[in-house]
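Hi,

Here is the structure I said I would pass on. Have a look at it first, and then read on for what I found in it.

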Amino acid sequence: MRGVNGIRNASAQEYRLVDATPRPPTLAGLRRTYEGEPLLESDLASDPIEQFTAWFQDALAAGLPEPNAMVLATASAGGRPSARTVLLKGYDERGFVFYTNYESRKGRDLTENPRASLLFPWHPIRRQIRVEGTVTRISHEESAEYFESRPYGSRIGAWASRQSAVVRSREELDHRYEELAARWPENPPVPDFWGGFRVTPIEMEFWQGQLDRMHDRLRYRRVRPGWALERLAP
Ligand SMILES: Cc1cc2nc3c(=O)[nH]c(=O)nc-3n(C[C@H](O)[C@H](O)[C@H](O)COP(=O)(O)O)c2cc1C
């Protein structure tokens with residue numbers, strides 16, 4: 001049987017018989033058309049945190065899964081970069097807060113080189129926000145307040161995991177969890193190796209996908225007092 005363009009049509013049954021090998025997608029051919037409302041300088045708030053709030057509301061309204069998941073990039077003192085996802089747990093004019101193990105790889109990077117970049121990859125709404133800034137640890141009291149609000153299992157999990165260290169097996173990890181759960185059947189204390197970091201922005205870029213790769217990129221740059229707003233080529 002011949003289909004359009006003379007290409008042979010095969011039934012699903014035939015495909016199974018002929019070639020059932022799953023093939024990787026051809027990445028070069030994967031593309032998507034971006035078009036949205038143009039993003040104009042006059043549409044943006046004078047303050048990037050306010051603009052973040054507006055876009056975060058849009059991400060929530062669009063029903064994005066885990067809109068507060070962000071990619072955190074750090075670098076060691078020697079300049080070796082690494083990136084991973086963490087959850088945004090609070091923000092205000094001082095910056096963006098996430099929680100982690102201070103002795104993890106990211107924790108060590110940020111202790112020796114207190115600079116970071118954050119990326120919110122909101123693909124379904126064709127938007128991306130980038131933040132670059134300096135990093136500080138939040139107060140122990142602030143970390144404790146968040147720690148107490150976490151479910152019991154997560155609190156024990158924070159104790160049980162020497163995050164980023166090599167472990168011998170899953171069993172070792174589970175055994176450690178059980179030991180600690182037995183030690184604190186309720187109210188585990190806040191580990192001194194765990195807490196929040198705050199990324200205080202010096203630059204924030206709002207990216208909106210547009211047709212023909214002519215995307216909108218508007219970047220706020222800290223110029224004390226206030227912010228400069230610049231358009232970047234896509
Ligand atoms: C959706 C998602 C959310 C995550 N949130 C956090 C988080 O808030 N804090 C954290 O320490 N790790 C979080 N992780 C795990 C990190 O991506 C990473 O595996 C871990 O922090 C160890 O990273 P490191 O070895 O570079 O320090 C999350 C992972 C995913 C996929």
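Before the details, one cut-off: a residue is called buried if 20 or more other C-beta atoms lie within 10 Å of its own, exposed if 12 or fewer, and partly exposed in between. Please also keep in mind that this is a predicted model.

With that in hand, start at Ser 164, in the loop between H5 and H6. Is Ser 164 buried, exposed or partly exposed? It has 15 C-beta neighbours inside 10 Å, so it falls in the partly exposed class. Its backbone caught my eye too: phi is near 85 degrees, a positive value in a residue other than glycine.

Ser 164 also turns up around the ligand. The shell there has 15 residues, and those that come nearest are Arg 84, Thr 100, Ser 104, Arg 105 and Ser 164. Three elements give two or more residues to this shell: strand S2 (81-87), strand S4 (95-101) and helix H3 (105-112). Which of them gives the most? That is S2, with five residues. Sorted by class, the shell holds six polar, five nonpolar and four charged residues.

Next, helix H5, which spans residues 152-160. Its buried residues are Arg 155, Ile 156, Ala 158 and Trp 159. They cover an arc of only 150 degrees around the axis, so they sit on the same side of H5. This fits the usual helix geometry: an α-helix has 3.6 residues a turn, so residues three or four places apart point the same way. Gly 153 and Ser 154, on the other side of H5, are exposed. What covers the buried residues? The cover includes H4, helix H6 (170-183) and strand S7 (194-208).

One residue of H4 is worth a stop. Glu 142 is in this helix, which runs over residues 140-149. It counts as partly exposed because it has 16 C-beta neighbours inside 10 Å. Glu 142 and Gly 195 are 53 residues apart along the chain, yet their C-alpha atoms are separated by 8.5 Å.

Now to the C-terminal part. UniProt, in an unreviewed entry, lists residues 194-234 as "domain: Pyridoxine 5'-phosphate oxidase dimerisation C-terminal". In the model, this stretch is 66% strand and 0% helix, with its end C-alpha atoms 39 Å apart.

Within that stretch, look at S8 (residues 216-222) and S9 (residues 227-231): they run antiparallel and are joined by five bridges. One pairing to find on screen is Arg 219, whose bridge partner in S9 is Glu 230. The two strands form a hairpin with four residues between them. The turn has two things to check. Gly 226 has a positive phi of about 95 degrees, and the peptide bond from Arg 224 to Pro 225 is cis, with omega near -5 degrees. Pro 225 itself is in the loop between S8 and S9.

Last one: Arg 213, in the loop between S7 and S8. Arg 213 is not a glycine, but its phi is positive, at about 60 degrees. Where Ser 164 counts as partly exposed, Arg 213 counts as exposed, because it has 10 C-beta neighbours inside 10 Å.

That's the tour. Over to you!

Terms used: Residues are numbered from 1 along each chain as its sequence is written. This is a predicted model: local features need pLDDT of at least 70, side-chain atom pairs count only at pLDDT 80 or more; totals for chains, interfaces and linings use all residues. UniProt positions are given in the numbering used here, feature names are shortened, and annotations may be inferred rather than shown by experiment. Two strands pair if DSSP finds at least two bridges between them. A residue is near a molecule or strand if its C-beta atom, placed from the backbone, lies within 6 Å of it. Ala, Val, Leu, Ile, Met, Phe, Trp, Tyr, Cys and Pro count as nonpolar, Asp, Glu, Lys and Arg as charged, and the others, Gly among them, as polar. The arc is that of the directions from the helix axis to the C-beta atoms. Two residues are in contact if their C-beta atoms, placed from the backbone, lie within 7 Å.
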